[in-house]
Amino acid sequence: MIAITIKELYTDTEKYLNQNILINGWVRTVRASKSFGFIEVNDGSYFLNLQVVYNEKLANFQAISRLGAGSAITAVGLLVESPGAKQPFELKAASVEIQGLAAPDYPLQKKRHTFEYLRTQAHLRPRTNAFSAVFRIRSVASFAIHKFFQDKGFVYVHTPIITGSDAEGAGDMFRVSTLDFSRLPRDGKGTVDFTRDFFGKETNLTVSGQLEAEAYCMAFSKVYTFGPTFRAENSNTPRHAAEFWMIEPEIAFAGLTENMDLAEAMLKFIVGYVLENTPEEMSFLNKFVDKSLLKRLENAINTDFVHITYTEAVEILKKSGQQFEYQVDWGIDLQTEHERYITEKHFARPVFITDYPQEIKAFYMRMNDDGRTVAAMDLLVPGIGELIGGSQREERPDYLQKRMDELGLNKEDYWWYLDIRRYGGVKHAGFGLGFERLLMYLTGMANIRDVISFPRTPKNAEF
RNA sequence: UCCUCGAUAGCUCAACGGUAGAGCAACCGGCUGUUAACCGGUAGGCUGUAGGUUCGAAUCCUACUCGAGGAGCCA
């Protein structure tokens, strides 16, 4: 017999009802009586379980009744309508074959566990309801991102994970090396001789694919990256990880307005796609993880995002009458408390803040005509804060070089990045979206460690 | 990295200076439609680690380790 997935049973019930079927899966719980019992089975194809009813006529009745959570079984029998209220149908077992026993010390219980404990069981937590929901949504959201960009004619670019430049400026980097750390080669002055290293120079894991994406943007007009990113920052917060995934679209012949339109359309598409394709998961999360989740997401889809400038944001904060821990003043970067006030209290929906002072933004952002702000945009969303950071890029070689000089960047390291401006450089813009932060927004999960399969954070690379 | 809080049975927690407990899980038994199944029983602990105060420490003090929240850095 061919195995039917539990998802097929739920989506095509009429086809399988009163038919003999075979299913595989893992036991979530067994409720046994003297002469009959119930097994809840989940095969991972669907969020919901299948209830298998068995009785003492089965030769291995005793063994089945003793099955612990986590065990794997194959059940064959008739799919019938269930008299119970909690499931539409159930499997009347003609046979239950034990495929893999779970030892009695199986670390997951039927009872609710804390997310902190489940992090210590990262290899087993995908078998729980919450993580089953989160990681299916992660998969569906990944697909939605590709679908959104591919349908719009964007080219997916795989930018390098190992980079030869340590000067991208987006944070501390992890070194990549094959040198023997206990016997480092040194030059005459006693410094490490990286010409003896694998690549003949210092190399690191990427902190952003943006600069490389810009090069491909000048060939394909519309590109995006979607890949792993690494930051060696000692950040201990629920929103930071050392290894995470980032989406970085880049569009040519376009400025900040088109960039924001793209970001808004993308976010709305992904939210809509996930709501439509994972209703059981979303409903579970809304019930047990964040009771305002669905309301917030539907609100995001159905309202236009707010657009204000940094200068306007500062004015709003100053007039708010709120007591902030940090003083608000033009020229100072907005603090988390300021961002949260604007997106959660003042507007209560996603907000783009644009045109920040040049001093607090990256070197590649395009100088505005006022000579003191740059064409940057941050998208703030309720519950998360900064979800997207982007800008129109400085395409004018003289402006770009002047800015690099001011910041003391070594232009030789960026020779190819400057080349892009010399050879048919045009107006272009792009943004970076932290995929895990998007998932936190989509699922209501409060900690980034709970939307990454095996999270890497300072002092933690277990698994 | 800074600030705050926490660490007691496999899990979730109680005991707050005087013999360390409960629920769930495990194990044994009962139960003819269960749904976090239910009912009865058994076993389970050098109270995160190392010092200190005290007649006596899970409880008070110090350091460290790990975890959580806030801040910074950012996505």
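## Phe269 and its aromatic partner

Phenylalanine 269 sits in between on the burial scale: its relative accessible area is 27%, which makes it partly exposed. Keep in mind that this is a predicted model. The ring partner here is phenylalanine 148, and that residue counts as buried, at 6% relative accessibility.

How do the two rings face each other? A pair of aromatic rings is described by the distance of the centres and the angle of the planes. For phenylalanine 148 and phenylalanine 269 the centres are 5.7 Å apart and the planes stand at 40°, so this pair is tilted. The two residues come from distant parts of the chain, 121 residues apart: phenylalanine 148 belongs to helix α5 (residues 129–151) and phenylalanine 269 to helix α7 (residues 256–277). Both also belong to one aromatic cluster, together with Phe143, Phe149, Phe154, Tyr156, Tyr224 and Tyr273.

## Other rings, and charges over them

There is plenty more of this kind to look at, with 28 aromatic pairs in the structure. Take tyrosine 310 and tryptophan 330: their ring centres are 5.7 Å apart, but the planes make an angle of 75°, so the pair is edge-to-face. Tyrosine 310 is in helix α10 (residues 310–319), while tryptophan 330 is in the loop between α10 and α11 (336–346), so the pair ties together parts that are 20 residues apart in sequence. As for burial, tyrosine 310 is buried at 0% relative accessibility, whereas tryptophan 330 is partly exposed at 28%.

Two tyrosines have a charged side chain sitting over the ring. Lysine 361 lies over the face of tyrosine 356, at 4.2 Å from the ring centre. Over tyrosine 417 you'll find the charged end of arginine 421, 4.1 Å from the centre of the ring.

## An eight-stranded sheet

Now for the strands. One open sheet has eight of them, in the order β6-β10-β11-β16-β15-β14-β13-β12, and the pairing is mixed. β6 (155–156) and β12 (306–309) are the edge strands; each has a single partner, so one side of each has no neighbour in the sheet. At the β12 edge, the partner is β13 (residues 351–357): the two run parallel and are joined by four bridges. Threonine 309 has threonine 354 of β13 as its bridge partner.

Further into the order comes β11, with β10 and β16 listed on either side. Strand β10 (residues 222–230) runs antiparallel to β11, with nine bridges between them; glycine 227 has methionine 246 of β11 as its bridge partner. On the other flank, five bridges join β11 to β16, again antiparallel, and isoleucine 247 stands opposite leucine 433 in β16.

β11 is mostly covered, with eight of its 10 residues buried. What about a charged residue such as glutamate 250, which lies in this strand? Glutamate 250 counts as buried, at 1% relative accessibility. The C-alpha atom of glutamate 250 is 7.2 Å from that of histidine 428, although the two residues are 178 apart along the chain.

## Where the RNA sits

RNA strand B has 52 residues around it, and the nearest of these are Lys111, Thr237, His240, Gln335 and Arg437. By type, the residues of this surface split into 15 nonpolar, 19 polar and 18 charged. Several elements supply at least two residues each: β1 (20–32), β2 (36–42), β5 (89–100), α4 (115–119), β11 (243–252), β15 (385–392) and β16 (428–434). Among them, β11, β15 and β16 also belong to the eight-stranded sheet.

Which parts of the RNA does the protein meet? Of the RNA atoms within 4 Å of the protein, 53% belong to sugar or phosphate and the rest to bases. Individual side chains show the mix. A polar side-chain atom of glutamine 109 is 2.5 Å from a base nitrogen, one of threonine 114 is 3.0 Å from a phosphate oxygen, and one of arginine 231 is 2.8 Å from a sugar or linking oxygen.

## The chain as a whole

Stepping back, chain A has 14 helices and 16 strands. The C-alpha trace spans about 85 × 60 × 45 Å along its principal axes. Of the 463 residues in chain A, 51% count as buried.

Technical notes. Residues are numbered from 1 along each chain as its sequence is written. Chains are lettered from A and ligands numbered from 1 in the order in which they are written. This is a predicted model: local features need pLDDT of at least 70, side-chain atom pairs count only at pLDDT 80 or more; totals for chains, interfaces and linings use all residues. Side-chain values use heavy atoms; hydrogens and water are left out. A residue is near a molecule or strand if one of its heavy atoms lies within 4 Å of it. A polar contact is a pair of N or O atoms within 3.5 Å; within protein, one must be able to donate a hydrogen and the other to accept it, and residues adjacent in sequence count only if both atoms are side-chain atoms. Ala, Val, Leu, Ile, Met, Phe, Trp, Tyr, Cys and Pro count as nonpolar, Asp, Glu, Lys and Arg as charged, and the others, Gly among them, as polar. Rings of Phe, Tyr and Trp (its six-membered ring) pair if their centres lie within 6.5 Å; planes under 30 degrees apart count as stacked, over 60 as edge-to-face and the rest as tilted. Buried means under 20% relative accessible area, exposed over 50%, partly exposed in between (1.4 Å probe, protein chains only). A charge sits over a ring if NZ of Lys or CZ of Arg is within 6 Å of the ring centre and within 35 degrees of the ring normal. Two strands pair if DSSP finds at least two bridges between them.
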